[in-house]
Amino acid sequence: METLYVICVGVITFCGVFLCLRGRTFSVVVGLTMLSYAVNLFLFSSGRLNLEGAAILGMAENYADPLPQALVLTAIVIGFAMIAFVVILSIRARADLGNDLVDGRDAPADTDKLVRPSRGKL
């Protein structure tokens with residue numbers, strides 16, 4: 001079970017880093033979201049993966065560690081705030097620059113129609 005868990009965290013981390021290195025803001029936002037999910041899974045696994053541990057006192061002999069659960073809850077709140085800030089920042093950059101490229105350059109000629117559609121022309 002631990003091997004599958006580690007592979008899943010590794011794949012999510014790889015996909016998040018890959019998407020963060022893309023040139024569009026939407027890809028960066030999705031990549032940051034995936035990286036925050038990978039960090040949450042990593043923090044949760046730091047308390048050992050134990051199926052027999054109970055979360056409520058008096059129900060079993062082994063208990064789950066509450067510290068990783070508290071860290072994950074904190075990381076979820078921080079991750080949500082970070083993603084909300086990055087989304088607003090990318091919307092503002094799209095409005096100011098006229099494209100959604102991360103480096104702020106003008107869009108290539110072949111994507112100009114996709115980025116700046118002509119309004120009123122059918």
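This passage describes the helices of a predicted model, the packing of two of them and one aromatic pair. Residues are numbered from 1 along each chain as its sequence is written, and side-chain values use heavy atoms, with hydrogens and water left out. Because the model is predicted, local features need pLDDT of at least 70 and side-chain atom pairs count only at pLDDT 80 or more, whereas totals for chains, interfaces and linings use all residues.

Helices are DSSP runs (H or I, at least four residues), numbered from the N terminus. Helix α2 comprises residues 25-45, and its end C-alpha atoms lie 30 Å apart, in agreement with the 30 Å that its 21 residues should span at 1.5 Å a residue. For helix α3, residues 66-97, the 32 residues should span 46 Å, and the end C-alpha atoms are indeed 46 Å apart; the expected span is 1.5 Å times one less than the number of residues. After α3 comes G98, which has a positive phi near 85°.

The axes of α2 and α3, taken as lines fitted to C-alpha atoms over the stretch in contact, with angles from 0 to 180 degrees between N-to-C directions, come within 9 Å and cross at roughly 175°. The two helices are therefore roughly antiparallel (over 145 degrees). Contact (heavy atoms within 4.5 Å) is made by residues including V29, L32 and F44 of α2 and V72, I76 and V86 of α3. By class, this contact has 13 nonpolar, 5 polar and no charged residues, where Ala, Val, Leu, Ile, Met, Phe, Trp, Tyr, Cys and Pro count as nonpolar, Asp, Glu, Lys and Arg as charged, and the others, Gly among them, as polar.

Buried residues (under 20% relative accessible area, 1.4 Å probe, protein chains only) of α2 include V28, G31 and S36, and their cover includes α1 and α3. In α3 the buried residues include A75, G79 and I83, with α2 among the elements that cover them. T25 of α2 is buried at 18% relative accessibility and, neighbours within four places in sequence aside, is in contact with S90, D100 and V102.

A search of the whole structure finds 1 aromatic pair (ring centres within 6.5 Å). F14 and F18 form this pair, which is stacked (planes under 30 degrees apart), with 6.5 Å centre to centre and 20° between the planes. The two residues are 4 apart in helix α1 (residues 2-20) and thus separated by about one helical turn. F14 is exposed (over 50%) at 59% relative accessibility, whereas F18, at 45%, is partly exposed (between 20% and 50%).

Key. Rings of Phe, Tyr and Trp (its six-membered ring) pair if their centres lie within 6.5 Å; planes under 30 degrees apart count as stacked, over 60 as edge-to-face and the rest as tilted. Angles under 35 degrees count as roughly parallel, over 145 as roughly antiparallel, 65 to 115 as roughly perpendicular and the rest as oblique.
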